[in-house]
Amino acid sequence: MTIDQIDHRMILNEVKDYIFITLGLMLYAFSFTAFLLPYQIVAGGVTGISAIVLYASNIPIQYTYFLINIALLVVALKILGWKFLMKTIYAIFMLSFLLMITGDYMPKDATGHYVKILGEGQDFMSLLIGCTLTGSALAIVFMNNGSTGGTDIIAASVNKFYNLSLGQVLIAVDICIIGSCIFIPSFGGPLDRIHKVVFGLCTMVVENFMLDYVMNARRESVQFLIFSKKYQEIANAIMMETDHTLTILDGHGWYTGKEMKVLCLLAKKRESTSIFRLIKLIDPNAFVSQSSVIGVYGEGFDHIKVKLPKCRKKENTEA
């Protein structure tokens, strides 16, 4: 592959990332405005802070969201650098704009409050639908190398200096944001504030579940063990059609006593149908075992994300 072809592919991948990030942000803005804001449901992150400010003071959500993120960006630029933050900066500006658009076009009642689409008393149902959509939207953004900024910036900054995972920092920050409802008198009496906090914790659970579910569903991998006399034809067909490499294992049939070859293949779950189709076209009588694997790491799959001890890093550098 030439340098021009590599550059062209990299440009196309970047364009694809920005297109899908934009689509994810559009889904997030719509679901947050349509299902969470009308019922005054509190969520985590900077959008959650912005929603709390909206409920307490009627300041439009997009203004608070934009100002807080700009402040966090200024702090994080020196820590994380421009390269990490480019798509985050794009997402912040785009989501601020989309929140303004969806806020303007959402129907409002005579008092100026958003119309409750699902009707009165459907707070929890609206929470489930809204957080299912926002969690899926965030997964689309993250899977395309994007970020919505806000608490993600805080988590990345803390993770750079302390041995705390991104998830631990995000959960701690979100609990603080949601728990702040207890101290805001405009949310009503103590019982009403507790309801706000409980609903807010539910948004965390549902949104994070959907985020993990969508991301893991795309990454889910499977292992094939293929027993066939036509193993060479099957291996060639799979390599040509899927660009996957295979491993040939030596097998020995206990009942027949014959030597045989076994193909071992690791692939994404979404490729299963294509692989089964290729096997059936070449050898309808092939014996195939398919099993789910917890994780596959290496070229073409996920990166190994563990930290080496400092002494080990030093040995590798010297080598």
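Modeller: Let's begin with a yardstick: a residue is called buried when its relative accessible area is under 20%, exposed when that area is over 50%, and partly exposed in between. Keep in mind that we are looking at a predicted model.

Biologist: Thanks! Is Glu14 buried, partly exposed or exposed?

Modeller: Glu14 has a relative accessible area of 38%, so it is partly exposed.

Biologist: And which residue does the Glu14 side chain meet in a salt bridge?

Modeller: A salt bridge is read from distance: a side-chain nitrogen of Lys or Arg lies within 4 Å of a carboxyl oxygen of Asp or Glu. Here the partner of Glu14 is Lys87, with 3.6 Å from N to O. Glu14 sits in helix α1 and Lys87 in helix α4 (residues 82-105), so this pair ties together parts 73 residues apart in sequence. Lys87 counts as buried because its relative accessibility is 11%.

Biologist: How many salt bridges are there by this rule?

Modeller: The count is five. Another one of them joins Lys16 and Asp17, whose closest N and O atoms are 3.9 Å apart. Lys16 is partly exposed at 34%, while Asp17 is buried at 7%. Then there is Asp250 with Lys261, where the closest N and O atoms are 2.4 Å apart. That pair links distant parts of the chain, as Asp250 belongs to strand β2 (residues 247-252) and Lys261 to strand β3 (residues 259-268), 11 residues apart. Asp250 is exposed at 64%, and Lys261 is partly exposed at 29%.

Biologist: Which residues are joined into one network by salt bridges that share partners?

Modeller: Glu14, Lys16, Asp17 and Lys87.

Biologist: Let's turn to backbone angles. What sign does phi have in most residues other than glycine?

Modeller: For most of them phi is negative. In this model, Gln40 has a positive phi of about 50° although it is not a glycine. You will find Gln40 in the loop between α1 (3-36) and α2 (45-57), and it is partly exposed because its relative accessibility is 30%. Asn58 is another case, with a positive phi of about 65°. Asn58 follows α2, in the loop leading to α3 (61-80). At 60% relative accessibility, Asn58 is exposed.

Biologist: What span should α2 have?

Modeller: With 1.5 Å a residue, the 13 residues of α2 should span 18 Å, and its end C-alpha atoms are indeed 18 Å apart, so the two agree. Several α2 residues are buried, among them Val46, Ile52, Leu54 and Tyr55.

Note on methods. Residues are numbered from 1 along each chain as its sequence is written. This is a predicted model: local features need pLDDT of at least 70, side-chain atom pairs count only at pLDDT 80 or more; totals for chains, interfaces and linings use all residues. Side-chain values use heavy atoms; hydrogens and water are left out. Helices (H or I, at least four residues) and strands (E, at least two) are DSSP runs, numbered from the N terminus. Buried means under 20% relative accessible area, exposed over 50%, partly exposed in between (1.4 Å probe, protein chains only). The expected span of a helix is 1.5 Å times one less than its number of residues.
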